[in-house]
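Biologist: I would like a close look at a single part of this model. Please keep it brisk and go step by step.

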Amino acid sequence: MSYRILTIDPGSTSTKIGVFDDEKMLFEENLHHSAEELAQFETIPQQEAFRRRLVLKALEEHRIPLESLSAVCGRGGVLKPVHGGTYLTTDAMIDTLKKGPYGHHASNLGGLLAREIGSALHIPSYIVDPPVVDELAPLARYSGHPLITRRSIFHALNQKAVAKRYAKEIGKPYESLNLIVCHMGGGVSVGAHVKGEVVDTGNALEGEGPFSPERSGTLPSGALVDLCFSGKYTQQEIRRMITGNGGLLAYTGSTDMQELMRRAATDAKVREVIGAFHYRVAKEIGAMAAAMKGQVDQIILTGGIAHGQETVDALKGYVSWIAPVTVYPGEGELLALAEGALRVLRGEETAKIYE
């Protein structure tokens, strides 16, 4: 039996959508929203009806009959910490996404849009592996001080998707494998996937771990405290140093790895910064291998930066002694959403309930 899935991935100024017949993409489109269009809404949830009209208009333009859809799947938002998996959009989930007790983010619209469109068509609606997936082992939660507990906020959707894709390709259950997955995009997250659970990773949203194109990564705490109390920066400015204006951007003025690779051919400083980026990512992969006691079946590199052969080669040079390396370049959120819905529709997984 074939299934047709509408997938929705909302961003701060755009809504990316795609329609799949099983795993085959029929079309994808990025619907852009101007600042003026969004300025009329006081809160993110209030944008739902506006964005929904644009999604339905795009389906009409691409001649996708609404009655042909089997399910709708939106990107998960900032919910309470949950176990990984595909979740039905329950009333409790919608209430959380609207009220935002754990945070307001454009991704919250993924579940809201899926629920509204699915309900109108009387078809199931889901979210898959939201960024707040938290499967940390008890020891991984210790930060070093009881007032601070380590949090799991990472690229769960893509990490879980490529891990399951790899498992399917080699004919083994995801739950039987030990994998290190390294996502490299605007942010970087490295996860230790042990028998189907991400038992260690970081709070990539706030830059924990290696530095990335726009995030500073884990900083020396004493120097960071000194900056905070220097009187030179506001709290917001410090936060922007950590997330948004840190990492490669702070060192080089650019977040574009392809551009930086071109500059590195003649600029020794840029070349060294890129080398430091590779070094820090590799160190994090090594740390996860230690957390897994060296029992690693495969290392998976993914995200937009994994398109770069220089980065892939550099990381292989550092970590291929740990385990073989597989590369799934790009982020592929829409396919990941479709795959999550398909696993439930095909009976391979049971949809989880958010309470």
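How many bridges join strand β5 to β14, and do the two run parallel or antiparallel?

Modeller: Two bridges join β5, residues 86-88, to β14, and the strands run parallel. Keep in mind that this is a predicted model. Within this pair, L88 stands opposite I353 of β14.

Now widen the view to the sheet. It is open and has seven strands. Their order is β3-β2-β1-β4-β6-β5-β14, and the pairing is mixed. The edges are β3 (24-32) and β14 (352-353). Each of these edge strands pairs on one side only. For β14, the pairing partner is β5.

A helix covers part of this sheet. Helix α12, residues 333-345, packs on it. The strands α12 touches are β1 (4-10), β2 (14-21), β3, β4 (71-75), β5 and β6. The direction of α12 makes about 135° with that of β1.

R343 has a number that falls within the α12 range, 333-345. Its side chain meets that of E349 in a salt bridge, at 2.9 Å from N to O. The two ends are not equally covered. R343 is buried, because its relative accessible area of 12% is under the 20% cut-off. E349 is partly exposed, at 22%. A separate set of partners forms a network: shared salt bridges join D22, E23, K168 and R346.

Side chains of opposite charge can pair when their charged atoms come close. In total, the structure holds 19 salt bridges. Two more of them are worth setting side by side.

Take E135 and K160. Their closest N and O atoms are 3.0 Å apart. E135 lies in the loop between β6 (125-128) and β7 (142-145), while K160 lies in helix α5 (residues 156-170), so this pair ties together parts 25 residues apart in sequence. Both ends are covered: E135 is buried at 6% relative accessible area, and K160 is buried at 3%. The loop with E135 starts from β6, which is also one of the strands that α12 touches.

Now take E272 and K269. Here the closest N and O atoms are 3.8 Å apart. Both residues lie in helix α10 (residues 268-291). They are three residues apart, about one turn of the helix. E272 is exposed, with a relative accessible area of 56%. K269 is partly exposed, at 49%.

To return to the starting point: β14 is an edge strand, joined to β5 by two bridges in parallel.

Terms used. Residues numbered from 1 in each chain as written. Predicted model: local features only at pLDDT ≥ 70, side-chain atom pairs only at ≥ 80, totals over all residues. Heavy atoms only, no water. Salt bridge = Lys/Arg side-chain N within 4 Å of Asp/Glu carboxyl O. Helix = DSSP H or I, 4+ residues; strand = E, 2+ residues; numbered from the N terminus. Buried < 20%, exposed > 50% of the residue type's maximum accessible area, 1.4 Å probe, protein only. Pairing = 2+ DSSP bridges. Contact = heavy atoms within 4.5 Å. Axes fitted to C-alpha atoms, helices over the stretch in contact; angles between N-to-C directions.
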